[in-house]
Amino acid sequence: MDHIDRILLTQLQQDATQSYAALGRAAGLSAGAAHERVRKLRERGVIRRTMAEVDPAAVGCGVLAYVMVESTSWMGDSAESFAALPEIMEAHVIAGSASVLVKVRTATTGQLQDVLRRIYAIDGVSGTQATVVLETFFERPVSAHPADPRDAAPQSAD
């Protein structure tokens with residue numbers, strides 16, 4: 001991935017509805033060249049999907065909690081069980097005292113309590129510790145630009 005790809009990714013993260021002509025202008029390319037580069041980024045899996053960013057509170061999901069899930073057994077094979085709960089936005093197998101970290105969004109703390117009950121019903125779960133977010137300072141997408149170019153893994157010439 002070169003600096004032009006990174007410019008295109010940054011532009012798309014700011015506004016994924018931009019025309020290829022606008023993307024091309026930002027990256028110093030023609031519309032056709034920008035389109036081809038974006039197509040290749042999708043093909044390689046760099047761009048996973050294009051979606052609208054929705055305000056959670058506006059759609060009735062104003063309660064945000066991070067839940068540490070403790071277990072009596074390996075939880076690495078439990079992805080489908082966590083994914084079956086639509087209130088879980090993210091689930092990660094983690095190192096440390098807990099086995100899984102989940103991000104949960106609900107409308108009320110009562111609904112959060114119901115989600116915690118359903119998490120307890122997953123095989124192997126022995127406990128949870130929920131932390132409710134009072135205010136979010138910011139959230140940011142993954143940057144297309146590494147903090148230090150020396151940290152970027154070199155690309156093979158395939």
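Student: Which residue in β4 stands opposite M68?

Tutor: In this predicted model, M68 faces Q129 of strand β4.

Student: How many bridges join β1 to β4, and in which direction do they run?

Tutor: Seven bridges connect β1 to β4, which covers residues 125–132, and the two run antiparallel. Another pair in this ladder is S71 with its bridge partner V125.

Student: And what joins β1 to β3?

Tutor: Strand β1, residues 63–71, is joined to β3, residues 100–106, by seven bridges, and these strands also run antiparallel. Here V63 stands opposite T106 of β3.

Student: What is the order of the strands in the sheet?

Tutor: The order is β2-β3-β1-β4, in an open sheet of four strands with antiparallel pairing. Strands β2 (88–93) and β4 stand at the edges; each has a single partner strand, so one side of each has no neighbour in the sheet. On average, neighbouring strands are turned by 20° against each other, direction ignored.

Student: Which helix packs on the sheet?

Tutor: That is α5, residues 109–120, which touches β1, β2, β3 and β4. The direction of α5 makes about 155° with that of β4.

Student: Let me turn to R105. Where is it found?

Tutor: R105 is found in strand β3.

Student: Is R105 buried or exposed?

Tutor: R105 is buried, because its relative accessibility is 13% and the cut-off for buried is under 20%.

Student: Which residues is R105 in contact with, leaving aside its neighbours within four places in sequence?

Tutor: R105 is in contact with P56, C61, V63, L64, E87, M89 and E139. One of these, V63, is the residue that stands opposite T106.

Student: Changing topic, what does UniProt place at residues 1–62?

Tutor: The UniProt record, an unreviewed entry, places the feature "domain: HTH asnC-type" there. In the model, residues 1–62 are 53% helix and 0% strand, and the end C-alpha atoms of that span lie 37 Å apart.

Student: At what angle do α1 and α3 pack?

Tutor: Helix α1 (residues 3–14) and helix α3 (residues 31–43) pack at about 85°, and their axes are 11 Å apart. The two helices are therefore roughly perpendicular to each other.

Student: Which residues in α1 and α3 meet?

Tutor: From α1, the residues are I4, D5, L8, L9 and L12; they meet A34, R37, V38 and L41 of α3. By class, this contact has seven nonpolar, no polar and two charged residues.

Conventions:
Residues numbered from 1 in each chain as written. Predicted model: local features only at pLDDT ≥ 70, side-chain atom pairs only at ≥ 80, totals over all residues. Heavy atoms only, no water. Pairing = 2+ DSSP bridges. UniProt positions renumbered as here; feature names shortened; annotations may be inferred. Buried < 20%, exposed > 50% of the residue type's maximum accessible area, 1.4 Å probe, protein only. Contact = heavy atoms within 4.5 Å. Axes fitted to C-alpha atoms, helices over the stretch in contact; angles between N-to-C directions. Parallel < 35°, antiparallel > 145°, perpendicular 65-115°, else oblique. Nonpolar A, V, L, I, M, F, W, Y, C, P; charged D, E, K, R; others polar.
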